[in-house]
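Reader: Could we go through this model together, starting with how it was made and then turning to its packing?

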Amino acid sequence: GSDQLAKQIDLKLNSGQKLTAEEMDYLRKHDPQAYQKVKSIEAEQKNYENELKKCKTKEEVERVKMAHTATSLSAVNSIMNNPVIPEEKKFELVMQEHRKNQALQTTTQEFVESGEYAQLPTEAEKLEAEKELKEWKAASMRSCRQRRNA
């Protein structure tokens, strides 16, 4: 029944899994507030995925990942250290942050498993390739000048 579905949705959200269309529909009908929170996490997840795809090196991926983790940790610290927020509300807000963090970890894992991450160079490899390209261009220019002068 619906109680079982609600528990299943909670488990999936707490582990960073995506909800099915049926589960989203259930939330939309029975818990519009939770539905909006899930939609917000999905939007943030999509933005994060786009950030990862724009990265030019493996280190850049790590920096993006760490920036999001630091932002999340800062949010949790702000919540926990705010004496105005009731304990029950603190738990709810921290769980929301946990769910968001789990969703971002899932996105990172999918990015790595997709093979896109493996194709990225390290910063050292990128610098070496740029250096070799610069040297190749310089050698080509010298060669062209020598042929024109000959």
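Author: What follows covers the ground rules, the first helix, the cores and the cysteines.

Author: This is a predicted model, in which local features need pLDDT of at least 70 and side-chain atom pairs count only at pLDDT 80 or more, while totals for chains, interfaces and linings use all residues. Residues are numbered from 1 along each chain as its sequence is written, and side-chain values use heavy atoms, with hydrogens and water left out.

Reader: Which residues of H1 are buried?

Author: Leu-5, Ile-9, Lys-12 and Leu-13 are buried in H1, where buried means under 20% relative accessible area, exposed over 50% and partly exposed in between, with a 1.4 Å probe and protein chains only. Helices here are DSSP runs of H or I with at least four residues, numbered from the N terminus. Seen down the axis of H1, the buried residues fall within an arc of 95 degrees, so they line one face; the arc is that of the directions from the helix axis to the C-beta atoms.

Reader: And what does the face turned away carry?

Author: That face of H1 carries the exposed residues Asp-3, Gln-4, Lys-7 and Leu-11.

Reader: Switching topic, which helices supply the largest nonpolar core?

Author: H1 (2-14), H2 (21-30) and H3 (32-54) each supply at least two residues of this 10-residue core, which includes Leu-5, Met-24 and Tyr-35. Such a core is a set of buried Ala, Val, Leu, Ile, Met, Phe, Trp, Tyr and Cys residues joined through side-chain atoms within 4.5 Å.

Reader: How many disulfides are there?

Author: The count is zero, taking a disulfide as a pair of cysteine sulfur atoms within 2.5 Å. Cys-55 is buried at 5% relative accessible area, whereas Cys-144 is partly exposed at 36%.
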